Amino acid sequence: RLALGRNAGNLRLKVERLAGTDGQRGEVVMRGLHFAVIDEADSVLIDEARTPLIIATETEPADEQRWAEAALALADRLEEGRDYHLRHDRRVVELTRAGKARLADLGEERGGLWRSRIRREKGVRQALAARLLFDLGEHYIRRDGKVQIVDEFSGRVMEDRSWNEGMHQLIELKEGVEVTGRKTATSRTSYQRFFRRYQRLAGMTGTAREVTAELRAVYRLDVIRVEPNRPSRRRALPTRYLPNLAAKREEIALRAREVAAAGRAVLIGTRSIAASRELSATLDEAGIDHRVLNAEAEAEEAAIIAEAGRAGRVTVATNMAGRGVDIGLGPGVEASGGLHVIQSEVHDARRIDRQLAGRAGRQGEPGSVEAILSLEDPILRLLHDGWGASGLRDRLFRRLAPDRAFRSAQLRAERANSRIRKDLLKIDEQTASMLALAGNAE
């Protein structure tokens, strides 16, 4: 797109070819979008589709640092509840009328661009979100003096990616690393619009059931179920609910010790790097030998996975040990019952939970999976901002079935993510329609 610029017409390229001149064709490396087969199709077409595809240039880092310092300084002078509310389900901040009035006064004091209501309020909302809704060890890590984003669905570091609209610079300043320039888009599209350009599109995944309607509506793809090569022997054990995180971690440690002692392998799934660290500390205190696989141990991934199926081995992992990972069973493990998966948290999508469970009982092997959860798990914040109060948790634990609470929170998360994808596609299509008047859709 950058090579062709405005002269990207198919007719122009054909004329240049007939004329025997390379012209723009010499810079084009793709022959067209004819046929695509996508592995883990729901991950690519659904999960990744929340983020637009952008080719960008970079602004001046010093200017971004001054802007980020001012935005955080203004944000620190606001009070939660009075001036703003946190929306954990959408990871956004909503300013109250009082907060906007307070910001107007503060903006006049600071002057410059902060006198602009739109830029002032947007910058401060971003600063509050960076401070309160983005956590080290969950949404990003610090490595090699940089802030690196961790993909919540795969658990892996997203190389060379950054948050937009100043969020990345705000988090860099928050974490005390060098502030980089902001990425300014020179060309942009969405996953949805890009993949719909293929003449033929197909894919494979083990977890498409929950997004069948979206795949049909957005990509015009039907979902066909293929029976497994061998019948599944995986057993699903009842879910257990504990009142707090400490009790949950202790219960997981006891269960891991019990299963490993029986000659089986144990895989414990966590949502974040921070959660994997905390669980590892509990296992250390209990004297349970284990390995930890997360984005900080990426270099050791192959070695950890190779040993994860051995008898007595306990592995704590983020989603890096989920989708697409095949854990081979060591000698004697299959006869003892195979791999046992412990799900320590509910994810934002049922598909991700099923991917973790799918590590056990592969290709007709025996295996089992169980969930051990607590009423302090982060996903339950989506139900109510006051969920963290122990009194509310205790009342709901007695009166409301915990499985209903977790299911409701997960549905909210799925709806929020679906809304983000729909909004992105809508904006993308509107932009293409407006720019089409100039004969240049991008």
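**Close-up 1. Helices α3 and α6 are roughly perpendicular to each other (a term for angles of 65 to 115 degrees; under 35 counts as roughly parallel, over 145 as roughly antiparallel, and the rest as oblique).** The structure is a predicted model, in which local features need pLDDT of at least 70 and side-chain atom pairs count only at pLDDT 80 or more, while totals for chains, interfaces and linings use all residues. Residues are numbered from 1 along each chain as its sequence is written, and side-chain values use heavy atoms, with hydrogens and water left out. Helix α3 spans residues 61-75 and helix α6 residues 167-175; their axes come within 9 Å and cross at roughly 75°. Axes are lines fitted to C-alpha atoms, for helices over the stretch in contact, with angles running from 0 to 180 degrees between N-to-C directions. Helices (H or I, at least four residues) and strands (E, at least two) are DSSP runs, numbered from the N terminus. On the α3 side, E64, W67, A68, E69, A71 and L72 make the contact (heavy atoms within 4.5 Å), and on the α6 side Q169, L170, L173 and K174 do so. This contact has six nonpolar residues (Ala, Val, Leu, Ile, Met, Phe, Trp, Tyr, Cys and Pro), three charged (Asp, Glu, Lys and Arg) and one polar (the others, Gly among them).

**Close-up 2. Helix α3 packs with helix α5 (residues 117-132) at an angle of about 80°.** The two axes are 8 Å apart, and α3 and α5 are therefore roughly perpendicular to each other. From α3, the residues in contact are W67, A71, L72, L74 and A75, and from α5 they are G123, V124, A127, L128 and R131. By class, the contact of α3 with α5 divides into eight nonpolar residues, one polar and one charged. At W67, R182 lies over the face of the ring, at 4.5 Å from its centre (the criterion is NZ of Lys or CZ of Arg within 6 Å of the ring centre and within 35 degrees of the ring normal).

**Close-up 3. Y140 and W163 form an edge-to-face pair.** The structure holds seven aromatic pairs (rings of Phe, Tyr and Trp, the last by its six-membered ring, with centres within 6.5 Å; planes under 30 degrees apart count as stacked, over 60 as edge-to-face and the rest as tilted). The ring centres of Y140 and W163 are 6.2 Å apart and their planes stand at 85°. Because Y140 lies in strand β5 (residues 140-143) and W163 in the loop between β6 (146-149) and α6, the pair ties together parts 23 residues apart in sequence. Y140 and W163 are both buried (under 20% relative accessible area with a 1.4 Å probe, protein chains only; exposed is over 50%, partly exposed in between).

**Close-up 4. Ring pairs link Y191, F194, F195 and Y198 into a cluster.** F195 and Y198 are stacked, at 6.1 Å centre to centre with 20° between the planes. F195 is buried at 12% relative accessibility, and Y198 is buried at 17%. Y198 is found in the loop between α7 (191-195) and β8 (200-204). Leaving aside neighbours within four places in sequence, Y198 is in contact with L33, H34, F35 and A36. Y198 and F35 are 163 residues apart in sequence, yet 6.0 Å apart in space, C-alpha to C-alpha.
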